[in-house]
Amino acid sequence: MASLTLDKVRKTFGSVEVLKEINLAIEDGEFLVLVGPSGCGKSTLLNLIAGLETSSDGEIRIGDRVINNVHPKDRNIAMVFQSYALYPNMTVRKNITFGLEIRGVSASERDKAVDDVARLLQIENLLDRKPSQLSGGQRQRVAMGRALVRNPDIFLFDEPLSNLDAKLRVDMRTEIKKLHHRLGSTIVYVTHDQIEAMTLASRIAVMKGGILQQFDTPQHIYEKPNNMFVAGFIGSPSMNFIEAKLVDDNGKIAVTFDNNGQKVVLPLLENSPESYKSWVGKDVVFGIRPEGLTHKRTGSDKPGSQYVNFDAKVEVIEPTGADTMTVINLGGKEIVARVRPDRATNPGEMMTFSADMNQISLFDPTTELRI
Amino acid sequence: MGASSSTESNLMASLQRNLSKIVVAPSFAASLFFVYGFIIWTAWMAFSKSRMMPVYDWAGLRQYERLWQMERWHVAIENLLIFGGLFIVICLFLGCLLAVLLDQRIRAEGVLRTIFLYPMALSFIVTGTTWKWILNPGLGLEKMMHDLGWASFKFDWLVNSDFAIYTVVIAAVWQASGFIMAMFLAALRGVDQDIIRAAYMDGASLPRIYFGIIIPSIRPVFLSAIVVLAHLAVKSFDLVIALTGGGPGYSSDLPATFMYTMAFQRNQLGISAASAMMMLATVMAIIVPYLYSELRGGKKNG
């Protein structure tokens, strides 16, 4: 177990800069998820930590130990690969003990270690099979067992669930989370799935184009995204963006936008940040998550919320069972609202929506940064 | 009018249906006759009293008895064991080694691959002739060393009856190992790179990764390579003819050159046919189990 620090880490391939000054630090026992679209550099970052690639600049530390030039096998880290990367010619038992064998661990200790890990992962009955005789989920467990048995300082997971079917993926996700609670180990986990990131992480690092966009707890990233990319990437369905304007509405700052010829004016909360004042009279991007935009509600429905109502025509409804996603058209853009099924109406009808002003974000339309 | 056009269209339709069979039929008939027909004819010859000309008198196993009494046949068999064994082992080793080295994502891999693979594109006659010049003591390697001033250098395997067969091994290995390399390289490229990285993180050294994990996991390719090499070894004829001509004396005879000599120079058609049948049996012993396992494997997958 150990903390992990990345200090101004850069990586270039020739003239292409794939990672630009990444600064990250996690404490012992934290679960860090690196998330981003493909090509964002998250896997490269993981490989740098693993030692499969060398960084062009900057420092990587485990605890107080600088590991930039340490051979992967001496870093005391273990990795679980997307394709599981089990050794096809060895039994499950051999797969798990291979690393120990190379490190010169005695046979009796190896047997004990395998038994412990197998019990933990419930793969005792698979130990004498070859990887080709296992299902995807079983292979995944073996791959995790191979990492666990080494008892490393840090576990690295490279999109470990993306080869599993949807149902199994959810089960294994829970299992990984349980395992983390039980072992209290430090984990770095790469995924492109924002739901995995939200559910597993103690802290998330959102990346795009080799740049760290935001590094924070899942809830904070969800509620206060740094920029429009993070806002749109995290959360499903993703955040609605409406082109709007900040105005002074009888002494209160309000956001206003066009609703098919009609002006909607949504006054901001009293305790809004001071910085909003300088934006009065300017264009902004008004971001609101689907659950912040609901059927008509009043403040007493949910304490602490402040609702502002407006009418709009329903274009499409998408029932998901628990909620009905209602698509409306605001300022030429499709906007999704999350509506209770019994309050949903049919497409083409007018409906009154409530915007929860507690759950809004405002962005600068040119820099796309949060105001 | 209507009737004739319908017969015509019927004809066209049946032609369409059977077109593939019609196209394949001549070559099917030809191979049936020239390959399998002559196999049967040869088998018959081996039981006949034929000498210079084929005769069809029944002689039982007489030709086989005579064959196995011949010193020269024993030399040919022994040579086949030496040649086949060394050829297969060295080709596998070199091919595998070259493939592993080429697999290290080196520069100019395409050029090197072509260089190693190119000998396979030559005919054995060309290979044999070239190596005959290189190994000729008065012409090639030995003379070059002498000219360079290394007067005591001696490399006369080609004209030494104890070593002539090894020169055949050298030339054959030169020709075939590149092809084996290509087979192994294709298999290595199919191995998931993450396996190598996982082993690397487990702390395994590169030789250990290859010999402990990668090569065992491409075992089926070894079987294919051995089958290819074994049948090349058993049927190799032109290389020996071009390189040593079976000599000095008959010291580098292989069963194939033995058979040729018996049939066309010694007027021993019956013995020749018997030796051909012995070779057929050898090849069948290798190929049939292989085909059996391949076809059964195919059924299992399908």
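Colleague: Let's start with the first chain: which residues in α1(A) are buried?
Modeller: In this predicted model, A:Lys42, A:Thr44, A:Leu45, A:Leu46, A:Asn47, A:Leu48, A:Ile49 and A:Ala50 are buried in α1(A).

Colleague: What makes helix α1 of chain A largely enclosed by the rest of the structure?
Modeller: The count does. Helix α1 of chain A covers residues 42-50, and 8 of its 9 residues are buried, so the helix is largely enclosed by the rest of the structure. Just after α1(A) comes A:Gly51, with a positive phi of about 90 degrees.

Colleague: And how many of the residues of chain A as a whole count as buried?
Modeller: 50% of its 371 residues do. Chain A still exposes about 16,400 Å², with carbon and sulfur atoms supplying 47% of that. Its C-alpha atoms fill a box of roughly 80 × 45 × 35 Å along the principal axes, and the chain has 8 helices and 20 strands.

Colleague: What share of the contacts in chain A with a separation of 6 or more comes from residues 24 or more positions apart?
Modeller: That share is 67%.

Colleague: Why is A:Thr5 called buried?
Modeller: Its relative accessibility is 17%, and the cut-off for buried is under 20%. A:Thr5 therefore counts as buried. You'll find A:Thr5 in strand β1 (residues 4-13) of chain A. Not counting residues up to four places away in sequence, A:Thr5 touches A:Leu24, A:Ala25, A:Glu59, A:Ile60 and A:Arg61.

Colleague: Over in chain B, why does B:Ile88 count as buried?
Modeller: Same rule again: buried means under 20%, and B:Ile88 comes out at 17% relative accessibility, so B:Ile88 counts as buried. B:Ile88 lies in helix α3 (residues 71-102) of chain B. Leaving aside neighbours within four places in sequence, B:Ile88 is in contact with B:Ile226, B:Leu229 and B:Ala230.

Colleague: How many Å separate B:Ile88 from B:Leu19, C-alpha to C-alpha?
Modeller: 43 Å, with their positions 69 residues apart in sequence. Chain B is divided into domain 1 (1-33) and domain 2 (67-301). The C-alpha centres of those two domains of chain B lie 45 Å apart.

Colleague: On to the rings. How many aromatic pairs are there over all chains?
Modeller: The count comes to 25. One of them is B:Tyr260 with B:Phe264.

Colleague: Why is the pair of B:Tyr260 and B:Phe264 called tilted?
Modeller: Start with the distance: centre to centre it is 5.2 Å, and pairing asks for centres within 6.5 Å. Then the angle: there are 50 degrees between the planes, while stacked needs under 30 degrees and edge-to-face over 60. The angle meets neither cut-off, so the pair counts as tilted.

Colleague: What separates B:Tyr260 and B:Phe264 along helix α12 of chain B?
Modeller: About one helical turn, because they are 4 residues apart in that helix (residues 255-264).

Colleague: How do you know whether B:Tyr260 and B:Phe264 are exposed or partly exposed?
Modeller: Exposed means over 50%, buried means under 20%, and partly exposed is in between. B:Tyr260 has a relative accessible area of 34%, so B:Tyr260 is partly exposed. B:Phe264 has 62%, so B:Phe264 is exposed.

Colleague: Which residues do ring pairs link into a cluster?
Modeller: In chain A, A:Phe31, A:Phe155, A:Phe157 and A:Tyr189 are linked that way.

Colleague: Last one, on charges: how many positive and negative side chains does chain A have?
Modeller: There are 45 positive and 47 negative ones, and the centres of the two sets lie 4 Å apart.

Note on methods. Residues are numbered from 1 along each chain as its sequence is written. Chains are lettered from A and ligands numbered from 1 in the order in which they are written. This is a predicted model: local features need pLDDT of at least 70, side-chain atom pairs count only at pLDDT 80 or more; totals for chains, interfaces and linings use all residues. Side-chain values use heavy atoms; hydrogens and water are left out. Helices (H or I, at least four residues) and strands (E, at least two) are DSSP runs, numbered from the N terminus. Buried means under 20% relative accessible area, exposed over 50%, partly exposed in between (1.4 Å probe, protein chains only). Contact means heavy atoms within 4.5 Å. Accessible areas come from the Shrake-Rupley method with a 1.4 Å probe; for residues, only the protein chains shown count as cover. Lys and Arg count as positive and Asp and Glu as negative; His and the chain ends are not counted. The place of a charge is taken as NZ of Lys, CZ of Arg, CG of Asp or CD of Glu. Domain bounds come from an automatic or database domain assignment. Rings of Phe, Tyr and Trp (its six-membered ring) pair if their centres lie within 6.5 Å; planes under 30 degrees apart count as stacked, over 60 as edge-to-face and the rest as tilted.
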